[in-house]
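Here are a few exercises to work through with the model open beside you. Try each task before you read its solution.

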Amino acid sequence: MIGRKLALRLAADGVLAGRAVSQLSLVDVVEPARPAGAGLEVVTRTADLCDPDTVRALVAGRPDVVFHLAAVVSGEAEADVDKGYRVNLDASRLLLEAIRAAGPEYVPRVVFSSSIAVFGPPFPEAIGDDHCTAPLTSYGTQKAIVELLLSDYTRRGFLDGVAIRLPTICVRPGTPNLAASGFFSSIIREPLNGREAVLPVPDDVRHWFASPRAAVGFLLRAAELTAEELGARRALTMPGVSATVGDEIEALRRVAGEEAVARIRREPDPAILRIVDTWPGRFDPRRALELGFRAEADFGEIVRVYLEDDLPVAAAGA
Ligand SMILES: NC(=O)c1ccc[n+]([C@@H]2O[C@H](COP(=O)([O-])OP(=O)(O)OC[C@H]3O[C@@H](n4cnc5c(N)ncnc54)[C@H](O)[C@@H]3O)[C@@H](O)[C@H]2O)c1
């Protein structure tokens, strides 16, 4: 989802880090969507990043910037231990190794989409940039390991990495996925599309959010920061909006009224609550803010982004 939106934005801008983009090479295990109307060369490849030959072939093109977004999401990584470690850790290591093997003079910027799931409780009121990474999910563990690898490969001069810890990206367009966080989006998206949504946790659950549009902005900013600006610590917690499920519902009520809110059906799910209870609710992401990363100001703005960017597309497809 985020990769597709990033590709659309790159195709529209034609510029990255102040330089014209000559080629966009998109790879996914399912056929990547080709951004419509791109004025630059777009190459798409349907391939599995767990395959070393595939990864070597991708790196052979020597892209200046690599956005590494491929992953299995939290719910799936918890349910299928082998798949989670294979895709989220082993494939990432293959990619880093392939870049290293491409030669000492090839040092691309590698932007890795990490997650706030690298943090685990107990949490302070607001989690600062120096809080330790102690994840309590397999997904968070896999992301934390890749952050460390990225930092070490950067220190060794094999590549020039930045890991951005994304908040939960909301409102996720399209159909629900296997992420345990899926309900945060579906309780907004489904009612806005005239459908029912299931809410498995209480209204006072607090979490950290940003829109897909903000996520694309984070990735672009991460691609353009200089090594001097970044320093040695290459994993950055992204800014976001701290909101409760109740705040989300209020934002929905403001834009779509009581009728939309009535489409949310409360169905407590202890398994989801157990996972969500290990997630952080508020950050103090000073470094990222100082480096120019920006998210929305409140949850109402996040809903407005969905209305502007995705609801018209969903309505057209309905
Ligand atoms: N969406 C969020 O709330 C969120 C929050 C924190 C971090 N992230 C991270 O951001 C990235 C993008 O998230 P998204 O929401 O767009 O997820 P997504 O599931 O929409 O995209 C991930 C893509 O990876 C692809 N993929 C999976 N296994 C692959 C493999 N072996 N080879 C090639 N491609 C493979 C999938 O087909 C999918 O298109 C992920 O790394 C995710 O962990 C997302």
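Let us begin with a term for surface exposure: a residue is buried under 20% relative accessible area, exposed over 50%, and partly exposed in between, using a 1.4 Å probe and protein chains only. Please keep in mind that this is a predicted model, in which local features need pLDDT of at least 70, side-chain atom pairs count only at pLDDT 80 or more, and totals for chains, interfaces and linings use all residues. Residues are numbered from 1 along each chain as its sequence is written, and side-chain values use heavy atoms, with hydrogens and water left out.

**Exercise 1. Find the side chains of Arg-93 and Glu-97 and describe their contact.**

Step 1. A salt bridge here is a side-chain nitrogen of Lys or Arg within 4 Å of a carboxyl oxygen of Asp or Glu. Arg-93 and Glu-97 meet in one, at 3.9 Å from N to O.

Step 2. Both residues sit in helix α4 (residues 81–101), 4 residues apart, about one turn of the helix. Helices (H or I, at least four residues) and strands (E, at least two) are DSSP runs, numbered from the N terminus.

Step 3. Arg-93 counts as partly exposed because its relative accessibility is 39%. Glu-97, at 24%, is also partly exposed.

**Exercise 2. What separates Asp-152 and Arg-155 along their helix, and how do their side chains meet?**

Step 1. These two residues are 3 residues apart in helix α5 (residues 138–155), so about one helical turn separates them.

Step 2. Their side chains form a salt bridge of 2.7 Å, N to O.

Step 3. Asp-152 is partly exposed at 31%, whereas Arg-155 is exposed at 61%.

**Exercise 3. Describe the salt bridge of Asp-284 and Arg-286, then look for a network.**

Step 1. The N to O distance between the side chains of Asp-284 and Arg-286 is 2.9 Å. Asp-284 is partly exposed, with a relative accessible area of 27%, and Arg-286 is exposed, at 54%.

Step 2. Elsewhere, Arg-93, Glu-97 and Arg-100 are joined into one network by salt bridges that share partners.

Step 3. The count of salt bridges comes to 27.

**Exercise 4. Which geometry does the pair of Phe-184 and Phe-209 have?**

Step 1. Rings of Phe, Tyr and Trp (its six-membered ring) pair if their centres lie within 6.5 Å; planes under 30 degrees apart are stacked, over 60 edge-to-face, and the rest tilted. This rule gives 7 aromatic pairs.

Step 2. Phe-184 and Phe-209 are edge-to-face, with 5.0 Å centre to centre and 75° between the planes.

Step 3. The pair links distant parts of the chain, 25 residues apart: Phe-184 belongs to helix α6 (residues 182–192) and Phe-209 to strand β10 (residues 206–210).

Step 4. Phe-184 is buried, at 0% relative accessible area, and Phe-209 is buried at 0%. Phe-183, Phe-184, Phe-209 and Phe-299 form one aromatic cluster.

**Exercise 5. Where does the second largest pocket lie with respect to domain 1 and domain 2?**

Step 1. Domain bounds come from an automatic or database domain assignment. Domain 1 (1–46) and domain 2 (47–317) both give residues to the lining, so the second largest pocket lies between them.

Step 2. α1 (2–13), α7 (212–224), α12 (299–309) and α13 (311–317) each supply at least two lining residues. The largest share, 5 residues, comes from α1.
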